[in-house]
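Please open the model in your viewer and keep the sequence panel beside it, since this tour moves from one selection to the next.

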Amino acid sequence: MGKYGRWIAGGLGWAFLGPIGGVLGFMLGSAIDTVEIENGHVKGATRQGDFVMSLLILVAAVMKADGKVLKVELDYVKGYLVKSFGVGRAGEAITVLRDILKQNIPIEEVCQQIQHNLDYSSRLQLMHFLFGIAQADGIVSESELNVIDKISYYLGIQSGDYNSIKSMFIQSTESSYKILDLTRDASDAEVKKAYRKMAAKYHPDKVSYLGEDVQEAAKEKFQKLSEAFEKIKKERGFA
C-alpha cells in the first residue's frame, strides 16, 4: 500500500466523506488507488479504525491548542499506539498525526461526525485519552482545557460524565465526589448508588469491541473511579 493506504483502508469507513474526510483529504492522493471504495465509503473499514482515526484528529486539536507541540505529548500518543499496533504501525500513525497537525481542524463539524458514528462509551474513552494527552507535560493548560471543553460539548458528553473524567486528571479537594458525579453533602446511600451507576457506565467491557488496547485504557479510568469510591468510604467510615 501507499504511504497512508492502510490507515485510510482501516480507518475511514465513515470518514471518507464529510469533515473528517476533509481534514484527511491532503493524504488521499497517495493512497486512493489502494483503497476499494463502495458507495462512497471505504470497503472493509473497522470500528476500531474509526476510533483511532477520530482519536488522532482530536489529539491534534488538543496538541495545537496552546500553540506548541511537545515531544512528551507525541511520546504519550506513540506509547498508546505501540501497544495497539506495534512499533512499525505506530510510527506510521505518528506520521499521519504530524501531517494532521499541519491542518486546520473544524472541531465542531468533526465532533458532530464522530458523535453520529461512535457510541457513547467510545466517546467517553476518547475524552479520557484527550485529558491524558493534555496532562502529559504535567499540567492541563487553560487553552487545552478550553478545547477539550468544546470537544466534550460537540461530542454530546453529559456534563456529569465530563466532570467525572476531568476530575480524574485535575485534582481538587472535591475530586473524589466529582468523579462519582456527586457533591460532598450526598448521603452514604447516594454515594453507593452513584458508584454502582458509574461503575456500570465506565466498565471496560463497554469498549471491548475496540480491542484489548482500548479496553486496557478503559481499565485505568475504571480504577480511578474505584479509588475515588474507596477514598470516600475511608473518609466516612462506612463499608
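Are helices α8 and α10 roughly parallel or roughly antiparallel to each other? To find out, select residues 120-134, which form α8, and residues 159-169, which form α10, in this predicted model. The axes of α8 and α10 come within 9 Å and cross at roughly 30°, and because angles under 35 degrees count as roughly parallel, α8 and α10 are roughly parallel to each other. If you turn the view so that one helix lies in front of the other, the crossing of α8 past α10 is right-handed.

Now show the side chains along this contact. From α8, display Tyr-120, Leu-124, Met-127, His-128, Phe-131 and Gly-132, which meet Asp-161, Tyr-162, Ile-165, Lys-166, Met-168 and Phe-169 of α10. Coloured by class, the residues of the contact of α8 with α10 divide into eight nonpolar, two polar and two charged.

Stay on α8 and centre the view on Gly-132, which has its place in that helix. Is Gly-132 buried or exposed? Gly-132 has a relative accessible area of 4% and is therefore buried. When neighbours within four places in sequence are left aside, Gly-132 is in contact with Tyr-76 and Phe-169. Select Val-77 as well: Val-77 lies 55 residues from Gly-132 along the chain, yet the C-alpha atoms of the two are separated by 9.2 Å.

Next, keep α8 selected and add residues 142-154, which make up helix α9. The axes of α8 and α9 are 11 Å apart and the helices pack at an angle of about 170°, which makes α8 roughly antiparallel to α9. The residues to display here are Met-127, Leu-130, Phe-131 and Ala-134 of α8, together with Glu-144, Leu-145, Ile-148, Ile-151 and Ser-152 of α9. By class, the contact of α8 with α9 has seven nonpolar residues, one polar and one charged.

Move along the chain to the loop between α11 (175-179) and α12 (188-202), and select Asp-181 there. What is the phi of Asp-181? Phi of Asp-181 is near 60°, a positive value in a residue other than glycine. As background, most residues other than glycine have a negative phi. Asp-181 counts as partly exposed, at 44% relative accessibility.

From that loop, continue into α12 and add helix α13, residues 212-236. These two helices pack at an angle of about 170°, with their axes 10 Å apart, and α12 and α13 are therefore roughly antiparallel to each other. On the α12 side, display Asp-188, Val-191, Lys-192, Tyr-195, Met-198, Ala-199 and Tyr-202, and on the α13 side Ala-218, Lys-221, Phe-222, Leu-225, Ser-226, Phe-229, Ile-232 and Arg-236. The residues of the contact of α12 with α13 divide into ten nonpolar, one polar and four charged.

Finally, clear the selections and look at the whole chain, which has 13 helices and two strands. Of its 239 residues, 50% count as buried. Switching to a surface view, the chain exposes about 11100 Å², and carbon and sulfur atoms supply 50% of that area. How many of the contacts between residues at least 6 apart in sequence join residues at least 24 apart? The share is 75% of such contacts in the protein chain.

Definitions and conventions. Residues numbered from 1 in each chain as written. Predicted model: local features only at pLDDT ≥ 70, side-chain atom pairs only at ≥ 80, totals over all residues. Heavy atoms only, no water. Axes fitted to C-alpha atoms, helices over the stretch in contact; angles between N-to-C directions. Helix = DSSP H or I, 4+ residues; strand = E, 2+ residues; numbered from the N terminus. Parallel < 35°, antiparallel > 145°, perpendicular 65-115°, else oblique. Left-handed = near helix turned anticlockwise from the far one by under 90°. Contact = heavy atoms within 4.5 Å. Nonpolar A, V, L, I, M, F, W, Y, C, P; charged D, E, K, R; others polar. Buried < 20%, exposed > 50% of the residue type's maximum accessible area, 1.4 Å probe, protein only. Areas by Shrake-Rupley, 256 points an atom, 1.4 Å probe, with all protein chains shown as cover.
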